Amino acid sequence: TLLPTKNPSPKPSPSPTSKPTLLPIPTPTSKPTSLPTNKPTAATSVCGNNLCEYNENSLSCPLDCANKILVGSTSGGSGAISTMFQVKAIRDVLVRSIAFHASKAATAQVQIFTRAGPYRGYEGNESAWTLIYDKVIVMNDRNIPTKIVAFDRNIFITAGATQSFYIFTPNKLMYASGTTEGALVSSDSAMELYEGLGMISKFSSNPSDTYSPRVFRGSIGYDLNSCGNNVCDIGETLSNCPEDCSEKVIEASPTASAGAIGTMFHIEATRDIELSSFDFYSAIVATGEVQVYTRPGQYNGYEIDEAGWSLVYDNPSLTMNGRSTPTLLGDIGVRIPKGSIQSFFIYTPTKLMYAPGSVEGSLFSYDDSVKLYEGIGVTTKFSGDNSSIVSPRVIRGVIRYIDIA
């Protein structure tokens, strides 16, 4: 670099070339507006715009939220007697139907199973699955889907949850070859469908019976936001859908003038229900044994013989509250399909209370789910002697149940 000059070339200017800016004026020229000129627009939803908004559901807006369809493969030339796959819910959905392509037109059995969560590890374990459809039906050929719409129970899937399905028919069903088992096949705003597998033997644990990956050829029909349809569907619980799964009651006799060690009666389900428990009135305040037996159909012909009955509740030391306060049993959990009759026998050596009836087997009370019929009193448990039967009698108490379909 060059050497510095011996002296600075110019002298500094004697004074600033201009004056500083003036001080700010004492007040603003105008006041700010006191409020925003316009309020933001409120969020709105419009039923009929083909979008199921989060404040709409299948009941309030069926046009947007009901009868939705998620399609799997639209082609596929191979098949087997069964296929497994899983879906994931992006929003709360209720699966109502499944359509599949059979290998050929035929009349044959179709079974559909489901389970919460992935199917991996349960391919050969039938007990880990719930059967929701089992009928012999007329199936279309492979070019026309066969639609299953009348499940024993619809399947509710909460947002973020996975649900697996297994479809079986000896007539065989069609699927397509996949890329990777578990890979995404298709999705919409509410649900995702993933690649699964095919099976040549029902619930087989033998790897040689499994073909993977395979893509389900068919579709899944569903509704969005089904909580509130007055049905406690599979997957719905008291915690995630209290509107549908709250316990209901039907009252038997509100009074009682007599009692014995037991009573038998039957109920009829006019929709699928789960009988959860009973309230009854004991003859005295005491701690003692209480048992509940049940059997499908009417109890007639089985009054004095334990054969044909199943013990579903057995508490050797239940605290009973006497004639003034009902005694609530623990969970019983007997499922009764729509149109079915189920009999019950409640037994306690402490004795329970009932009222005289009018005609044994006549309808005593009912609601939109359950019909209760007059029954009998029993003075000796499964005595083998008809003299231990007192008829007609109506238990004093209530029946607790949950609608499940």
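This is a short walk through the structure above, a predicted model, with stops at its disulfides, its cores and its cavity.

Let us begin with the cysteines. A disulfide is a covalent bond between the sulfur atoms of two cysteines. In this model the count comes to two disulfides. One of them joins Cys47 and Cys61, whose sulfur atoms are 2.1 Å apart. Both partners sit in the segment before helix H1 (62-65), 14 residues apart, and the pair links distant parts of the chain. If you look along the S-S bond of Cys47 and Cys61, you will find an angle of 95° and a right-handed link. The two ends of this bond have their own surroundings: Cys47 counts as partly exposed because its relative accessibility is 41%, whereas Cys61 is buried, with a relative accessible area of 1%.

The other bond to visit is formed by Cys52 and Cys65, with 1.9 Å between their sulfur atoms. Cys52 lies in the segment before H1 while Cys65 belongs to helix H1 itself, so this disulfide ties together parts that are 13 residues apart in sequence. The link of Cys52 and Cys65 is right-handed, with 100° about the S-S bond. Cys52 is buried, and Cys65 is buried too.

Now move on to the nonpolar cores. The largest has 35 residues, and the members that touch the most others are Ile112 and Phe151. Many strands take part in this core: among those giving two or more residues are strand E2 (78-89), strand E4 (106-116), strand E8 (162-177) and strand E13 (218-224). What does Ile112 touch, leaving aside its neighbours within four places in sequence? Its contacts include Ile98, Leu131, Ile132, Tyr133, Ile148, Phe151 and Ile167. There is also a second, separate core of 29 residues, and you can find Phe278, Leu329, Ile332 and Ile336 in it.

Strand E13 offers another residue to look at, Ser219. Is Ser219 buried or exposed? Ser219 is buried, because its relative accessible area is 15% and the cut-off for buried is under 20%. Not counting residues up to four places away in sequence, Ser219 touches Ile69, Leu70, Val71 and Gly72, and also Ser97, Ile98 and Ala99. Ile98 may look familiar, as Ile98 is in contact with Ile112 as well.

The next stop is an empty space. Rolling a probe the size of a water molecule over the atoms shows where empty space is left. The structure holds one cavity of 30 Å³ or more, and about 40 Å³ of space lies in the largest cavity. Which residues line the largest cavity? They are Thr263, Met264, Phe265, Leu372, Tyr373, Gly375, Arg393, Val394 and Ile395. At least two lining residues come from each of strand E15 (258-269), strand E23 (370-373) and strand E25 (389-395). Sorted by class, the lining has six nonpolar, two polar and one charged residues.

From the cavity lining we can step across to Gly361, which lies in the loop between strand E21 (341-356) and strand E22 (363-366). Gly361 and Leu372 are eleven residues apart in sequence, and their C-alpha atoms are 9.1 Å apart in space. Beyond its neighbours within four places in sequence, Gly361 is in contact with Tyr373 and Glu374. Tyr373, you may recall, is one of the residues lining the largest cavity. Gly361 itself is partly exposed, because its relative accessible area is 36%.

Notes: Residues are numbered from 1 along each chain as its sequence is written. This is a predicted model: local features need pLDDT of at least 70, side-chain atom pairs count only at pLDDT 80 or more; totals for chains, interfaces and linings use all residues. Side-chain values use heavy atoms; hydrogens and water are left out. On a 1 Å grid over the protein atoms alone, a cavity is a set of points where a 1.4 Å probe fits but cannot get out, and a pocket is an open set with protein on both sides within 12 Å along at least five of seven lines; lining residues have an atom within 4 Å of a point. Grid points are joined across faces, edges and corners, and a volume is the space filled by probe spheres set on the points. Helices (H or I, at least four residues) and strands (E, at least two) are DSSP runs, numbered from the N terminus. Ala, Val, Leu, Ile, Met, Phe, Trp, Tyr, Cys and Pro count as nonpolar, Asp, Glu, Lys and Arg as charged, and the others, Gly among them, as polar. Buried means under 20% relative accessible area, exposed over 50%, partly exposed in between (1.4 Å probe, protein chains only). Contact means heavy atoms within 4.5 Å. A disulfide is a pair of cysteine sulfur atoms within 2.5 Å. A nonpolar core is a set of buried Ala, Val, Leu, Ile, Met, Phe, Trp, Tyr and Cys residues joined through side-chain atoms within 4.5 Å.
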